[in-house]
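This report covers model confidence, backbone geometry and helix packing. The sequence and structure come first.

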Amino acid sequence: MAAVALRSCRRGLSQILSNGGLAAVSSKQLQGDRRHKSTIQYASRPDLPKLAYRRVKGKSPGVVFLPGYGSNMNGQKAEALEEFCKSLGHSYLRFDYTGHGASEGVLAEGTIGTWKKDVLFVLDELADGPQILVGSSIGGWLMLLAAIARPEKTAALVGISTAADHLVTLFNSLPLEARKEFEEKGEWTVPTKHSEEGVYKFSMDFLREAENHCVLQSPIPVTCPVRLIHGLKDEDVPWHISMQVAERVLSPDVDVILRRHGQHRMSEKDDIKLMVYTVDDLIDKLTTMV
């Protein structure tokens, strides 16, 4: 069983962040960073939609943020990580999956496989050297898939409300009659507070394709450091999924951090502080090991 732990952080981050900042920068620095926020760029791919991304060049290991389903690279967590990486001089990259945010494509036509290809493209073509992957919700599932496919590009993982296998598991847990009804309609509707329509809609083809990417049925061949942060009050993705991931990854260096009042998005000020602390600690660990 992975240890439930909070690790100490370096460079006085506790003091720096205790005054209401989201990242390890003074208010004056923060205003400067916002004036000079990374510019949006577009990556072209043969026969595939263009991907929108923002990149800050810097030291290794770099950090790559993977957002959740229906989200984009402009959320609080993504922007706080950019501010933090800038303050340390480390590289940072955030992007939108196909059909999300400023990227090309249609959300409803995307699959777990589609977005896995997006992540691998980013690691192969846009990121230099090993990266700390920070994945939120479905981004946490994609981060595991990327780590399995590109171990040489994965320095460490930080999962936030990790949703590994979640949609497949949730659908399969429905009563048989309900599953048959959705299968006949060809579409599964999931109530959510995170969509203007109040529901997410997934085709049966989406679910069948997602089954090909499930990781929790066997040991997960990931050996880098893994940190999993989850809120006990997460009503969208149960926290025990993070515990399952921790039990199945082969890495000897795994911590699970449970936030008693944390909700799914983990976007409260203290949640974001914890995410930054965790990434900072991993950077310290990885640079010390070199």
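Where is the place of Asp165? Asp165 is in the loop between β7 (154–160) and α6 (166–172).

## Model and confidence

The structure is a predicted model. Its mean pLDDT is 89, and 87% of the residues reach 70 or more.

Residues 1–35 stay under a pLDDT of 50. For this stretch the model has 64 contacts beyond four places in sequence.

## Positive phi outside glycine

Asp165 is not a glycine, yet its phi is positive, at about 65°. The relative accessibility of Asp165 is 1%, so the residue counts as buried.

Ser137 also lies in a loop, here between β6 (131–136) and α5 (138–149). Its phi is about 60°, a positive value for a residue that is not a glycine. Is Ser137 buried or exposed? Its relative accessible area is 11%, and the cut-off for buried is under 20%, so Ser137 is buried.

## A cis peptide bond

The peptide bond that joins Ser60 and Pro61 is cis, with omega about 0°. Pro61 has its place in strand β4, which covers residues 59–66.

## Packing of α4 against α5

Two packed helices are described by the angle between their axes and the distance between the axes. For helix α4 (residues 112–126) and α5, the axes come within 9 Å and cross at roughly 60°. That angle makes α4 oblique to α5, because it falls outside the ranges for roughly parallel, antiparallel and perpendicular. The crossing of α4 past α5 is right-handed.

Which residues of α4 meet α5? They are Ile112, Trp115, Lys116, Val119, Leu120 and Leu123, and on the α5 side they meet Ile138, Trp141, Leu142, Leu145, Ala146 and Ala149. By class, this contact of α4 with α5 has 11 nonpolar residues, no polar residues and 1 charged residue. Lys116 is the charged one, since Lys counts as charged.

## Packing of α4 against α8

Helix α8 spans residues 204–211, and its axis comes within 8 Å of that of α4, with a crossing of roughly 55°. That makes α4 oblique to α8.

On the α4 side, Ile112, Gly113 and Trp115 take part, meeting Phe206, Glu209 and Ala210 in α8. The contact of α4 with α8 divides into 4 nonpolar, 1 polar and 1 charged residues. Gly113 is the polar residue and Glu209 the charged one, because Gly counts as polar and Glu as charged.

Ile112 and Trp115 of α4 meet residues of α5, and Ile112 and Trp115 also meet residues of α8.

Methods: Residues are numbered from 1 along each chain as its sequence is written. This is a predicted model: local features need pLDDT of at least 70, side-chain atom pairs count only at pLDDT 80 or more; totals for chains, interfaces and linings use all residues. Side-chain values use heavy atoms; hydrogens and water are left out. Helices (H or I, at least four residues) and strands (E, at least two) are DSSP runs, numbered from the N terminus. Buried means under 20% relative accessible area, exposed over 50%, partly exposed in between (1.4 Å probe, protein chains only). pLDDT is the predictor's confidence in each residue, from 0 to 100. Contact means heavy atoms within 4.5 Å. Axes are lines fitted to C-alpha atoms, for helices over the stretch in contact, and angles run from 0 to 180 degrees between N-to-C directions. Angles under 35 degrees count as roughly parallel, over 145 as roughly antiparallel, 65 to 115 as roughly perpendicular and the rest as oblique. A crossing is left-handed if the near helix is turned anticlockwise from the far one by less than a right angle, and right-handed if clockwise.
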